[in-house]
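Let's take a friendly walk through this structure together. Have the viewer ready, and follow along as each part comes up.

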Amino acid sequence: MLFLHFKIYFPDDLAPPRSPLLSPIVPYDVYIPNSSNPETMFNSQLEEVTETSGNFSSVDLSFLPDELTQENKEQTVIRSKHETEENCKTKSWQSRLPLPSQQDVDLALNSSGGSNSHPHLHPGDADSAQPSPEKPHSLPLASITPMTPVTPVSGCSGIVPQLQNIVSTVNLACKLDLKKIALHAKNAEYNPKRFAAVIMRIREPRTTALIFSSGKMVCTGARSEEQSRLAARKYARVVQKLGFPARFLDFKIQNMVGSCDVRFPIRLEGLVLSHQQFSSYEPELFPGLIYRMVKPRIVLLIFVSGKVVLTGAKERSEIYEAFENIYPILKGFKKT
Amino acid sequence: MPGGGRCPDCGSTELVEDSHYSQNQLVCSDCGCVVTEGVLTTTFTDEGNLREVTYSRSTGKNEQVSRSQQRGLCRVRDLCRVLQLPPTFEDTAVAYYQQAYQHSGIRAARLQKKEVLVGCCVLITCRQRNWPLTMGTICTLLYADLDVFSGTYLQMVKVLGLDVPSLCLVDLVKTYCSSFKLFEASPSVPAKYVEDKEKMLSRTLQLVELADETWLVTGRHPLPVITAATFLAWQSLRPSDRLTCSLARFCKLASVDLPYPASSRLQELLAVLLRLAGQLAWLQVLKLDKRSVVAHVGDLLQHRHMLVRKALRDGTAEPDALDAREKGLQGPGQGQGWGKEDRGDGSVDLPAGKRPASPTLLLPPCMLKPPKRICPTPPVCTVTGDEDISDSEIEQYLRSPQEVRDFQRAQAARQAATSVPNPP
C-alpha cells in the first residue's frame, strides 16, 4: 500500500493548515503504517482536496491508477462530501470512514448529472446517505505529481538529455552546532576559516551537502529528483542522530543540469551571427557558445563537438523542452 | 599644443601630455625634455605649464563626476593613446565607461574591477569598429588577470545590453603578421630567413582560411592558430633552407611570444594538409609525411577550395559507414577478442588500405580523438525518494564515543604541535 505523505492530522487539530498538494512536508520518518492511520491519511488527503477546489471535476485525478474508474471517482466525491459534513459536526476523525452504499452512489450520480457544480454540497444527499463503517477499500495512491514521466518525450530528435546534477535545498529548522557535527560525524569536514558550513558526504546516493548553522542545507550531486530527496533525507537523519531536533521542511529543487550529444559538429560562428540576441561566443574566454534561451529560461552551453549542456532548470521538463527547441536550430548549422 | 607652453630647452611649442608610470608629465616631443612632472614640486616656470585651472575659470563639469570616475575616464583615454587608436575611438570608449558607471553594481565594484572595466570599454569599442585587439593584449597592458577580465567583460555586455561582434580574423592576421620582424635582414635574422611581407601575409591568410573551414578555429583561441599558420607559410616559401628551423626558434627570431597551443595547432594544420594531399594525384604517389608536405603547401593552397569541397562531400557519406564498421567491430569483438580480426570475420569489414586509414577530416579535432573514458550508460534508477532509511546505514557515518575521544586527542595534539614555538 502506498500512501501520500501529507501532514499527519492529530485528533485535536481540526483546522489543519492549508498546504498545497504538491509539496509533501511530512517529517520523513514519523509515518508509521498501522490500521488507524490509513484512514486518517486518506481523510486528510481528501480534506485537502476538498478545501483546495470546490468543483471536484476540475481537480486533476490523473495520479490515481487505472483501476479507479468513473464510479470510483464518484465514490471519492461522496466520501469527501461526508467528511465535510462530519467536520462540521466536529466528530472525531478516527471514528470511521463512511462508505456510501450503492444507493448513495446512484444518488450521487444523479445529483452530479443534474448540476455541474458542488455536487458534494447538496445537503439532501448527505442526509439520505447511510455511512457504513466498513474498512476502507485500499486505494493504492501514487504520488500526486509523477516525479519522473514514464517515458521521456524525445520529440523529433530522438535524443534525450541525461541529468547530471541536481541541486536542492531543505530547511532543517533548528540551530546547529557545526563543531559538534564535525566532531561526531565521520563524513564531515569543517574549516570555519575557509567556509562557514560543514561539508558532509554520503556514499549512496553519492552526494555532497553543505550544512549551515542556521539549519539550512544544500544537497548537490544527485542524478535525479528522487535521489536528491532521498539523499537530503539521509543527511537530515544523520543530523537528527547527532542529537538535533531536525525536521525536513521546504525541500526544493533549485537547479538541474543535463547534457547530451547531437553527434555532429556545429559552426558556432554561424550560430552566434544568426542568434545574436541569445548567444555569446568568445573563443578567447571559453570554447563553447553560451545560449540563453528565453522560453524556457535555460542556459545552454554548446560546443563545437556537438555536446550540449543545459542548466538552470527547476523541472526536468524544462530541460527536455529546451533541447527540443535548440535541436532544429543546431541541425541548421550541421552542414558547413 | 594647448596652454601655450614652450620647452625650456629647445623652445619648441610641441608639448605632449604623457601619462607615464601613472604620473602626468608634460614632455617636449622634439627634444624629450620633461617640462612638468606631477604636481609635487613646482617652480615659477612650471606654474605656467600646470594643467590645473583656477576655480573661477573652471566649468564645473568635473564637480558632478566622482574622483574615481574621473580617474577611470583618464585611464580610458590613456589606454587609447598607448594603443594608438584613431581619435574617434577615444570618445566612444569614454561614453561606454560613463554608461557603465551609471549602474550601481559597477559603481560599487572594487578598484581592481574598475581598472579592468577601462580595458573592457576599449575592447568593445575596438570590436565594434573591427579593430583587431585581443583580450590578451589588454590584460598584459593592464596587468590584469584574464579571469577577472572575463567576468567584468561579460557582466558589462549583459548589463549594457551590447551587441559585440566577434573578432575579425583577417584584420588580426594582418596586424599580427606585420609584427613579425622577418622582413629585413639583421644580425639576428640571416638572409635566408628574411621574407617578403606581402607574400607571407597572403599565404598566411590562405592557411588561416583553410584552418577555419576544416574546424581548427572554432572554439579555439584565435592567436595560436595564426602563429602556426604564419610559421607554416614562412617555411613553405623556402622549404629547403627553413625546414630545419623549429617553431620556437622562429618566434624567437621574429621577436614574438610563442603561445603555448601553437605547436599542437601546427600539427593539426599539417594533418589537414596531408589529408588534402591524399586527394591530389601527383602528390599521392610521393607518399608525403608531415615534413615533406611543407614543400607542397603552395600547390595545396592553390587548389584548396576544390579539395575542401571534395573532402566535405566525401565526408558526409563516410560517417554512416564508419558507425557501421564500429558496430560490426564491437559486436563480434566482445565474444571473440581482438586477436581474431585477421581471420576475416564476415560482419567486420576492416579497411585493408582501400580507403584512407584515418577517419574523415571534417570533424573538429576534439571529435577525432578517442574518448578518454567510456561514458557508462546511466543505470535505470528506481529510487522514489521516500524509501525507508535504515539506522545502520546512518550509523556508519557516525563516530563511536571512543573514536570521538581519539579524534579530540589527536586534534589537541596537533594544536599543541603547531603552537609550540621553534626551539631557539
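In this predicted model, helix H8 of chain A, residues 316-332, lies across five strands of chain A: E3, E8, E10 (289-293), E11 (298-302) and E12 (307-313). Against E12(A), helix H8 of chain A runs at about 140 degrees.

Those strands belong to something wider, so to speak, and it is worth tracing in your viewer. Chain A has an open sheet of 10 strands, in the order E4-E5-E6-E7-E3-E8-E12-E11-E10-E9, with antiparallel pairing. At the edges are strand E4 (188-190) and strand E9 (279-280) of chain A, each of which pairs on one side only. Further in, E3 (residues 162-171) and E8 (residues 249-261) of chain A are antiparallel partners over 8 bridges. If you would like a landmark there, look for Ser168(A), which stands opposite Ile253(A) in E8(A).

Now let's turn to where the chains meet. How many residues of chain B are in contact with chain A? There are 48 of them, and they touch 43 residues of chain A. Together the two chains bury an area of about 4,000 Å², and carbon and sulfur atoms give 59% of it. Three residues, Trp215(B), Ile389(B) and Tyr397(B), supply 18% of the area that chain B buries against chain A, more than any other three residues.

The polar side of the interface is worth a visit too. Between chain B and chain A, 20 residue pairs are in polar contact, counting pairs with both residues at pLDDT 80 or more. Seven helices of chain B each supply at least two residues of the side that touches chain A, among them H6 (135-142), H9 (197-213), H16 (304-336) and H19 (401-419). The largest share, 5 residues, comes from H7(B). Sorted by class, this side of chain B has 23 nonpolar, 12 polar and 13 charged residues.

Finally, the charged pairs. The structure holds 20 salt bridges over all chains, and 7 salt bridges are found across the interface of chain B and chain A. In one salt bridge, the side chains of Lys241(A) and Asp391(B) meet at 3.2 Å, N to O. Another brings together the side chains of Glu403(B) and Lys186(A), at 4.0 Å, N to O. This pair crosses between chains: Glu403(B) is in helix H19 of chain B, while Lys186(A) sits in the loop between helix H5 (178-184) and E4 of chain A. That takes us back to the sheet, where E4 of chain A is one of the edge strands.

How values were computed
Residues are numbered from 1 along each chain as its sequence is written. Chains are lettered from A and ligands numbered from 1 in the order in which they are written. This is a predicted model: local features need pLDDT of at least 70, side-chain atom pairs count only at pLDDT 80 or more; totals for chains, interfaces and linings use all residues. Side-chain values use heavy atoms; hydrogens and water are left out. Contact means heavy atoms within 4.5 Å. Buried area is the accessible area (1.4 Å probe) that two parts lose on being put together, summed over both. A polar contact is a pair of N or O atoms within 3.5 Å; within protein, one must be able to donate a hydrogen and the other to accept it, and residues adjacent in sequence count only if both atoms are side-chain atoms. Helices (H or I, at least four residues) and strands (E, at least two) are DSSP runs, numbered from the N terminus. Ala, Val, Leu, Ile, Met, Phe, Trp, Tyr, Cys and Pro count as nonpolar, Asp, Glu, Lys and Arg as charged, and the others, Gly among them, as polar. Two strands pair if DSSP finds at least two bridges between them. Axes are lines fitted to C-alpha atoms, for helices over the stretch in contact, and angles run from 0 to 180 degrees between N-to-C directions.
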